[in-house]
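These are my notebook entries on one structure. I record what I looked up, entry by entry.

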Amino acid sequence: GFFNMILPVLANAKTNDSFVCVFDASRISFRQDIYPQYKANRSETPADLLAQSELIRIGVHEMGIPVLCIPGVEADDVIATIATQNCNSFNATRIITGDKDLMQLVSNCVFLYDGMKDKEIREPQVIEKFSVKPTQVIDVQSLMGDSTDNVPGVPGIGPKKAAELINEFGNLDNLYANLDSVKNERTRNLLKENRDKAYISRQLVTLKR
């Protein structure tokens, strides 16, 4: 599945294209220092998947593609760092992934490519997914949380309400600076009671560049 996804990309590569493949070094990163329960709900990786992962790394290396595993951070942080450093021209970086967490990186010089769906992800696709611009994805995720990674968010506020609030107030800081302007009393109380969780969540979902 992995190679079926990347082989067509490599086959259509231009001569000046550069590739790098990034893996998590381990499950532990700086995020557990912020919030020990981060990803604590994840089950152990199946042994057969670990074996396949090692074969993928060997295969990628044999194809001449550099492999990066940086301790203390996640693969997404390494990708974000490379993309930011490489942001020197239009469409400078294509990130081959279907991971929604990387949508916060979409800009005029970074776009995503979902190899499984053969689909490019740019600002319109991010807006379709989150109902906000890429620069506001972090703020929405801070409110809605992420059960997959055990990011708490604000309990009781889902994706739709989170997007409504961020579209109205612009970002998380402005929302909390103008909490009295939130019309719905229940929503206002949820935000007030869970401020710490919202800001911890923002630290967890923000990719380290």
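**Entry 1: helix α4**

Which elements do the buried residues of α4 pack against? I note at the outset that the model is predicted. I found that the buried residues of α4 pack against two kinds of element: the strands β1 (21-22), β2, β3 (93-96) and β4, and the helix α2. I then listed the buried residues themselves: Ala75, Asp76, Asp77, Val78, Ile79, Ala80 and Ala83. Two of the names on that list, Asp76 and Asp77, are aspartates, and I followed Asp77 into the next entry.

**Entry 2: salt bridges**

I searched the whole structure for salt bridges and obtained 10. Asp77 belongs to a network of salt bridges that also links Arg31, Lys39 and Glu74. Within this network I looked up the pair Lys39 and Glu74, whose closest N and O atoms are 2.9 Å apart. Why does this pair tie together parts that are 35 residues apart in sequence? Lys39 lies in the loop between α2 (30-34) and α3 (47-62), whereas Glu74 lies in the loop between β2 (67-68) and α4 (75-85), so the salt bridge spans that separation. I also checked the burial of the two partners: Lys39 and Glu74 are both buried.

I turned next to helix α7 (residues 159-169), which holds both Lys161 and Glu164. Their side chains form a salt bridge with an N to O distance of 3.2 Å. The two residues are 3 apart, about one turn of the helix. I recall that residues three or four places apart on an α-helix point the same way, because the helix has 3.6 residues a turn. Lys161 is partly exposed, at 31% relative accessible area, and Glu164 is partly exposed as well, at 39%.

Which residue forms a salt bridge with Glu168? The partner is Lys183, at 3.5 Å from N to O. This pair links distant parts of the chain, 15 residues apart: Glu168 is in helix α7, and Lys183 is in the loop between α8 (172-177) and α9 (185-193). Buried or exposed, I asked of Lys183? Lys183 is exposed, with a relative accessible area of 72%, while Glu168 is partly exposed, at 48%.

**Entry 3: nonpolar cores**

I looked up the largest nonpolar core and counted 40 residues, with Leu143 and Leu191 having the most contacts inside it. At least two residues of this core come from each of α4, β4 (110-114), α5, α6 (137-144), α7, α8, α9 and α10 (195-205). For Leu191 I set aside residues up to four places away in sequence; Leu191 then touches Leu143, Val154, Ile157, Leu165, Leu175, Tyr176, Leu179 and Val182. Another core, of 6 residues, lies apart from the largest one and includes Ile138, Val151, Leu204 and Val205. In soluble globular proteins, nonpolar side chains tend to be buried together.

**Entry 4: the second largest pocket**

I computed a volume of about 180 Å³ for the second largest pocket. Its lining consists of Gly98, Lys100, Met103, Asp114, Lys117, Lys119, Ile121, Gln125, Glu128 and Lys129. Two elements, β5 (119-121) and α5 (123-130), give two or more residues to this lining. Which element gives the most? I found α5 to do so, with 3 residues. By residue type, the lining divides into 6 charged, 2 polar and 2 nonpolar residues.

Conventions: Residues numbered from 1 in each chain as written. Predicted model: local features only at pLDDT ≥ 70, side-chain atom pairs only at ≥ 80, totals over all residues. Heavy atoms only, no water. 1 Å grid on protein atoms, 1.4 Å probe; cavity = no way out; pocket = protein on both sides within 12 Å on 5 of 7 lines; lining within 4 Å. Points joined across faces, edges and corners; volume = space filled by probe spheres on them. Helix = DSSP H or I, 4+ residues; strand = E, 2+ residues; numbered from the N terminus. Nonpolar A, V, L, I, M, F, W, Y, C, P; charged D, E, K, R; others polar. Salt bridge = Lys/Arg side-chain N within 4 Å of Asp/Glu carboxyl O. Buried < 20%, exposed > 50% of the residue type's maximum accessible area, 1.4 Å probe, protein only. Core = buried A, V, L, I, M, F, W, Y, C linked by side-chain atoms within 4.5 Å. Contact = heavy atoms within 4.5 Å.
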